[in-house]
Amino acid sequence: MSAEILSFDLVIVGAGPAGLCFARALRNSGLRIGLVERLDAGTLAAPAYDGREIALTQRSARLLRELDVWNILPAADLAPLRMARVLNGLSTEGLDVTPSGHGDTELGYLISNHHIRQAAFAVVHDQPNVSLLASTAVSAVTTDASRARVTLNDGRLLEARLVVAADTRFSETRRAIGIPARHRDFGKTMLVCKMAHETPHEGVATEWFGHEQTLAVLPLNGNRSSIVVTLRHVEIDALRKLPVAKFEREIERRFLSRLGKMTLETERYAYPLVGVYPGKFTTTRYAAVGDAAVGMHPVTAHGFNLGLIGTDALANLVCGAAAAGRDIGNADLLAHYDRDHRRATLPLYLATNAIVGLYTADSPPARFLRKALLGVARRVTPVSAALSGLLMQGALPSGATRDALARLLPPRAVTRDRSRPRMA
Ligand SMILES: Cc1cc2nc3c(=O)[nH]c(=O)nc-3n(C[C@H](O)[C@H](O)[C@H](O)COP(=O)(O)OP(=O)(O)OC[C@H]3O[C@@H](n4cnc5c(N)ncnc54)[C@H](O)[C@@H]3O)c2cc1C
């Protein structure tokens, strides 16, 4: 018996936040889209809380407004981010980053990942040009000069002019296509949970690079925060298994009681930290978006923000080609996206990894260097302004501010590096 063949203009693999936002950005393109997702439709419509509180830049907020996702996010859970503070060790003197330019009074906003997923699915679900193929996964992908073919594990075959991978940083679609990716295992796991606390956070996100641990507080509405603890896997495992009351006292101790008495409000979620950067984002009739394009370390809170920049860029190119009656999988279009997204992401990817390396090393030279760098950043106004732009717009600045930032980060992190990272 021959397999059922479904024909689309474009197939997206993965209905996570990036795949959904990409599909939404194509709502007026006139293209017929097949959206493949392993999870079932019920889970997509009401995703469970997963512990991730996503810090959105002002630029991401604007993009989500354009996609009609922002207006259906639950307002009561959208928390403004007034300031970001970086502390080194036991010092209470840190680098404060406040909003600069653009007339915005907040650096950005915090919202739970499951709310983004739910809102993005709600708008895509009713989109006439999208066919959801849920509860199935991709088992094979091939492309040639004329089309992409995606085989699902239920035996169905999809044909399209372009296949877009949005299926996590460990993308099976990318692997099926045969694109190698450089993985960096940071050897640490991040524990995240929501906690109530006595002392107000005042809308300040704080990152403590302490001795053998990295701690963060992401301010949510009311006297509650997302608490982030990064330690070795075994230590996180032990923390997760502590009885609740012992866990609460242990977190108070680790935070030096800076937030007063703390109460656990959710499950404790663990995320092993692995950064992924593929050799290329595109090849014949294939492109990657979201984490399938760039798997960031969460410490600089840029994963989904970069995902939105990528989905917006690719959607603009695809819509432009469709409107002009051109092939939406043409090689020039894909090369354009690959080049622009590399330029938007590689400096941040390298800078983030450099920051993680420097701020988690515990050798005396590393301690000295990070203290010195924070001192420079505090005193040099353009550096703070550059960091503010980075947090608000999700992009490294150009000109003088880029140069100022270069004083704070290792040089290769901020140069306009157009080369591909070496493969592992
Ligand atoms: C602890 C933590 C904190 C974070 N904080 C921030 C932050 O503050 N700011 C920020 O911008 N980012 C942050 N991020 C990153 C952000 O969560 C991710 O960038 C974002 O969720 C990626 O979305 P995605 O759609 O690309 O991938 P995913 O959310 O991984 O979704 C991929 C989808 O593809 C589906 N899928 C996978 N394989 C297949 C297959 N073979 N066939 C069919 N379907 C498949 C999956 O079921 C899933 O639904 C954080 C991440 C973590 C872990």
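A polar contact is a pair of N or O atoms within 3.5 Å; within protein, one atom must be able to donate a hydrogen and the other to accept it, and residues adjacent in sequence count only if both atoms are side-chain atoms. This is a predicted model, where local features need pLDDT of at least 70 and side-chain atom pairs count only at pLDDT 80 or more, while totals for chains, interfaces and linings use all residues. Residues are numbered from 1 along each chain as its sequence is written, and side-chain values use heavy atoms, with hydrogens and water left out.

**Exercise 1.** Find which polar backbone atoms are paired with a nitrogen atom of the ligand.

*Solution.* Start with Arg38: a polar backbone atom of this residue is 3.2 Å from a ligand nitrogen. Next, go to Val138, where a polar backbone atom is 3.5 Å from a nitrogen atom of the ligand. Now look at a side chain too: an N or O atom of Asp291 is 2.6 Å from a ligand oxygen. Finally, check the cover: on its own the ligand has 1,000 Å² of accessible area (Shrake-Rupley method, 1.4 Å probe), and the protein covers 92% of that.

**Exercise 2.** Describe the shell around the ligand, counting residues with a heavy atom within 4 Å of it.

*Solution.* The shell has 32 residues, and Glu37, Arg52, Ala55, Arg117 and Asp291 come nearest. Sort them by kind: 15 are nonpolar (Ala, Val, Leu, Ile, Met, Phe, Trp, Tyr, Cys and Pro), eight are charged (Asp, Glu, Lys and Arg) and nine are polar (the others, Gly among them). Then ask where they sit, using DSSP runs numbered from the N terminus (helices: H or I, at least four residues; strands: E, at least two). At least two shell residues come from each of α1 (17-25), β4 (53-57), α4 (113-125) and α8 (303-323).

**Exercise 3.** Check the span of α4 and how much of this helix is buried.

*Solution.* The expected span is 1.5 Å times one less than the number of residues. For the 13 residues of α4 this gives 18 Å, and the end C-alpha atoms are 18 Å apart, so the two agree. As for cover, ten of the 13 residues are buried (under 20% relative accessible area, 1.4 Å probe, protein chains only; exposed is over 50%, partly exposed in between). Among them are His114, Arg117 and Phe121.

**Exercise 4.** Where is Thr168, and what is the sign of its phi?

*Solution.* Thr168 lies in the loop between β13 (162-165) and α5 (172-177). Its phi is near 75°, a positive value. Most residues other than glycine have a negative phi. Because its relative accessibility is 47%, Thr168 counts as partly exposed.

Key:
A residue is near a molecule or strand if one of its heavy atoms lies within 4 Å of it.
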